[in-house]
Structure formats: structure tokens, C-alpha cells
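Work through the exercises below on empty space and cysteines. Try each task before reading its solution.

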Amino acid sequence: MEMPRTGTQLSNQVIEKYYTPENPARELLITHSRLVMEKSVKIADTHPELEADVDFIAEAAMLHDIGIFLTWAPAIGCHGEHPYLCHGYLGRELLEKENLPKHGLVCERHTGIGLTTEEIRAQQLPLPQRDMVPQSIEEQIICFADTFFSKGHDVEKEKTPEEVRAALRKYGEDKIKQFDVWCNRFL
């Protein structure tokens with residue numbers, strides 16, 4: 001699959017480094033990331049009052065799932081050794097090695113609506129015990145946009161806000177409340 005023209009040369013180079021054309025997860029990663037990037041950029045463009053860095057959003061959205069190949073998710077072509085939930089912090093570690101620490105924070109903080117240290121401890125999740133909640137406006141926009149797209153069977157289908165809320169329901173009402181805050185701010 002050809003790399004998107006937008007999302008910058010930088011993100012394309014990083015993806016090329018970790019996802020060769022033979023990598024079974026490559027096409028899914030690029031398609032999913034492109035959709036998230038396009039929605040994120042559209043949000044930023046529609047809301048200039050947020051003063052979001054659109055170039056950074058394009059780069060970071062393309063890289064937000066860079067760590068999936070390190071996880072065990074054979075249904076999407078990933079045969080790594082870590083649980084899929086770890087792809088965010090693993091992506092952060094990869095991007096820090098690439099001297100892209102700000103992009104790495106997007107990776108770590110985009111999972112779901114974000115995870116607090118308390119949630120990680122209480123649920124005994126296999127993650128470093130630190131807050132992984134989107135902080136910057138760019139992180140929030142990318143995290144929000146990501147909730148609308150799955151890496152499942154119909155990768156190009158954008159979920160409705162109602163479908164996102166239904167998927168978030170199993171994680172608690174606080175996740176739905178945060179999603180609704182973002183809906184009011186970004187849609």
C-alpha cells in the first residue's frame with residue numbers, strides 16, 4: 001500500500017522503518033492511521049480557536065499506533081510478545097528512540113479515552129503505573145478521532161458517536177462523560 005501524501009514525510013519514514021511491505025499489519029496500520037489523521041486534521045481546521053498544531057497532528061496521528069507490531073494480535077497481523085493493550089507505551093518507547101518524544105506521548109496516551117494510574121493499578125493492567133491520559137489539545141484531538149475507527153473487520157467505517165458511546169460503556173460512565181465533553185468541543 002502506498003503511503004499517504006499527507007501526514008508528512010517524517011511519519012512515512014518511521015512507518016517504513018518498522019513496517020516493511022511484507023509486514024502483514026502494514027496496510028491496516030496505514031489505513032487506520034490515515035483515517036484518524038484525516039479526522040484529526042479536520043477537527044483542528046474546523047476549530048482554529050483551539051490553536052492546535054495541525055502539522056504535528058498529521059504526523060502524530062499517522063504514528064499513534066506504531067507499536068502494534070510488538071503485540072500479540074494475530075487477527076490484525078501482529079505477532080509480537082506483548083498484550084495488545086501495551087501498544088501505546090511500546091510506541092512511545094519506539095518514538096523516543098527516534099527522537100520524537102512528543103509524538104511518543106500521543107502513542108501512550110491515546111488508548112481508549114486514556115488511562116489513569118489508579119485504573120492501571122485497580123485493573124492490574126500490564127502497563128507502567130503512570131497516567132496515560134491525553135493532556136495537550138493535539139493529544140486530545142487524536143485520541144478522540146481514534147475512537148471513531150476500529151482495526152477490526154470494517155476498518156474504513158466511521159462509527160457514529162452513539163456506537164462509540166456503546167463501545168466505551170464497558171469501561172465506565174466516566175469514559176462516556178469524557179467522550180461527550182470532546183464531542184461538544186470538537187464536533
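**Exercise 1. Into how many nonpolar, polar and charged residues does the lining of the largest cavity divide?**

Step 1. Fix the model. This is a predicted model, where local features need pLDDT of at least 70, side-chain atom pairs count only at pLDDT 80 or more, and totals for chains, interfaces and linings use all residues. Residues are numbered from 1 along each chain as its sequence is written, and side-chain values use heavy atoms, with hydrogens and water left out.

Step 2. Fix the terms. On a 1 Å grid over the protein atoms alone, a cavity is a set of points where a 1.4 Å probe fits but cannot get out; a pocket is an open set with protein on both sides within 12 Å along at least five of seven lines; lining residues have an atom within 4 Å of a point. Grid points are joined across faces, edges and corners, and a volume is the space filled by probe spheres set on the points.

Step 3. Search. The whole structure yields one cavity of 30 Å³ or more. The largest cavity holds about 50 Å³ of space.

Step 4. List the lining. Leu 85, Gly 88, Tyr 89, Glu 108, Thr 111, Gly 114, Leu 115, Leu 127 and Met 132 line the largest cavity.

Step 5. Sort by class. Ala, Val, Leu, Ile, Met, Phe, Trp, Tyr, Cys and Pro count as nonpolar, Asp, Glu, Lys and Arg as charged, and the others, Gly among them, as polar. The result is five nonpolar, three polar and one charged.

**Exercise 2. Which helix gives the most to the lining of the largest pocket?**

Step 1. Size the pocket. The volume of the largest pocket is about 730 Å³.

Step 2. Take the lining. It has 27 residues, and Thr 111, Gly 112, Asp 146, Leu 168 and Tyr 171 lie nearest the centre of the largest pocket. By class, this lining holds ten nonpolar, ten polar and seven charged residues.

Step 3. Assign the helix. Helices are DSSP runs (H or I, at least four residues), numbered from the N terminus. Helix α8 (residues 161-168) gives the most, with three residues.

**Exercise 3. How many disulfides does the structure hold?**

Step 1. Apply the cut-off. A disulfide is a pair of cysteine sulfur atoms within 2.5 Å.

Step 2. Test Cys 86. Its closest cysteine sulfur, in Cys 78, is 13 Å away, too far for a bond.

Step 3. Test Cys 107. The nearest cysteine sulfur, that of Cys 143, is 12 Å away, and Cys 107 is in no disulfide.

Step 4. Conclude. The structure holds zero disulfides.

Methods:
Helices (H or I, at least four residues) and strands (E, at least two) are DSSP runs, numbered from the N terminus.
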